[in-house]
Amino acid sequence: MKQSNIHPYIYIGLNASRKIQILNKGARDTGEMNIILKEVCNYCNVSAADFMSKRRHRPIVDARFLFTGTVLTHCKYTLEHIAKFINRDHSSVLYYKSRCDDITSVAPEFKAKFEDILSATTASLKEYGFESNQAPESHTKVQKRPFKNKKAVVRKKTRKATRI
C-alpha cells in the first residue's frame with residue numbers, strides 16, 4: 001500500500017491565485033512597520049536586534065517610544081499586531097504610546113526627534129509606494145475611563161461629614 005505524499009498547502013480543485021489568497025489570508029503585511037523600524041533605528045543609532053531585545057537602556061527605550069508613536073500615527077495596525085512585531089505585549093505598546101505623548105508634550109528635544117522621524121518616515125513610505133493612512137482616533141489617543149463607582153465616593157463624603 002503506497003501512501004501519496006500530498007503537501008498540506010495543496011488544495012485540490014483550486015486554481016493557483018485562490019490558493020495564494022487562502023495562504024495569505026491570515027498573514028498581514030508588515031512592510032510599513034519595517035520601513036518605520038529602519039528609519040527609527042537609523043535616527044536613534046540603535047540596531048534592530050537591540051530594538052527587539054529585552055534591553056532597557058535609555059536610547060533603546062526612546063527608540064521604542066518613537067517607533068510606537070510613529071506607527072500609530074501613520075498606520076492602522078492594532079496594538080496586538082504592533083506588539084507581535086516588536087516582541088512585546090499589547091499593554092507595553094499602549095504604555096509606549098502614552099509615554100511618547102507625555103514626553104512630547106514636556107520635552108522639546110524629544111518632540112523635535114519625533115517630528116523629524118515623522119517627516120522621514122512619511123518620505124520613505126511615499127518612496128516605497130505606501131500611502132500615509134491616518135490611524136483612527138481611538139488608536140492615537142489614550143482614553144482615560146471616568147470613575148464609575150460613584151457610591152464609594154458618596155460614602156466617603158458622608159463618613160467625613162458625620163465624623164465632623
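**View 1. Helices α2 and α7 pack against each other in this predicted model.** Here you can follow α2, spanning residues 31–44, as it packs with α7, spanning residues 108–127. The angle between the two is about 135°, and their axes lie 10 Å apart. That angle makes α2 oblique to α7. As for handedness, the crossing of α2 and α7 is right-handed.

**View 2. The residues where α2 and α7 meet.** Which residues does α2 bring to its meeting with α7? They are Glu32, Ile35, Ile36, Glu39, Val40 and Tyr43. On the α7 side you will find Lys113, Asp116, Ile117, Ala120, Thr121, Ser124 and Leu125. By character, the residues of this contact between α2 and α7 divide into seven nonpolar, two polar and four charged.

**View 3. Leu37, a buried residue of helix α2.** Staying with α2, this view turns to Leu37, which lies in that helix. Leu37 has a relative accessibility of 8%, so it counts as buried. What does Leu37 touch, once its neighbours within four places in sequence are left aside? Its contacts are then Ala48, Phe51, Met52, Phe67 and Phe85. For one of these, Ala48, a backbone distance is also handy: the C-alpha atoms of Leu37 and Ala48 are separated by 7.5 Å, with the two residues eleven apart along the chain.

**View 4. Cys41 and Cys44, two cysteines without a disulfide between them.** How many disulfides does the model contain, if a pair of cysteine sulfur atoms must be within 2.5 Å? The count comes to zero. Cys41 is in no disulfide, and the nearest cysteine sulfur to it, that of Cys44, is 7.5 Å away. Seen from the other side, the closest cysteine sulfur to that of Cys44 is in Cys41, and the 7.5 Å between them is too far for a bond. Are these cysteines buried or exposed? Cys41 is buried, with a relative accessible area of 7%. Cys44 also counts as buried, at 15% relative accessibility.

**View 5. The whole chain, for orientation.** To place the close-ups, it helps to step back to the chain, which has nine helices and zero strands. Read along the sequence, its pattern is α-α-α-α-α-α-α-α-α. Of the 164 residues in the chain, 31% are buried. Among contacts in the chain with a separation of 6 or more, 68% are between residues 24 or more positions apart.

Terms used: Residues are numbered from 1 along each chain as its sequence is written. This is a predicted model: local features need pLDDT of at least 70, side-chain atom pairs count only at pLDDT 80 or more; totals for chains, interfaces and linings use all residues. Side-chain values use heavy atoms; hydrogens and water are left out. Axes are lines fitted to C-alpha atoms, for helices over the stretch in contact, and angles run from 0 to 180 degrees between N-to-C directions. Helices (H or I, at least four residues) and strands (E, at least two) are DSSP runs, numbered from the N terminus. Angles under 35 degrees count as roughly parallel, over 145 as roughly antiparallel, 65 to 115 as roughly perpendicular and the rest as oblique. A crossing is left-handed if the near helix is turned anticlockwise from the far one by less than a right angle, and right-handed if clockwise. Contact means heavy atoms within 4.5 Å. Ala, Val, Leu, Ile, Met, Phe, Trp, Tyr, Cys and Pro count as nonpolar, Asp, Glu, Lys and Arg as charged, and the others, Gly among them, as polar. A disulfide is a pair of cysteine sulfur atoms within 2.5 Å. Buried means under 20% relative accessible area, exposed over 50%, partly exposed in between (1.4 Å probe, protein chains only).
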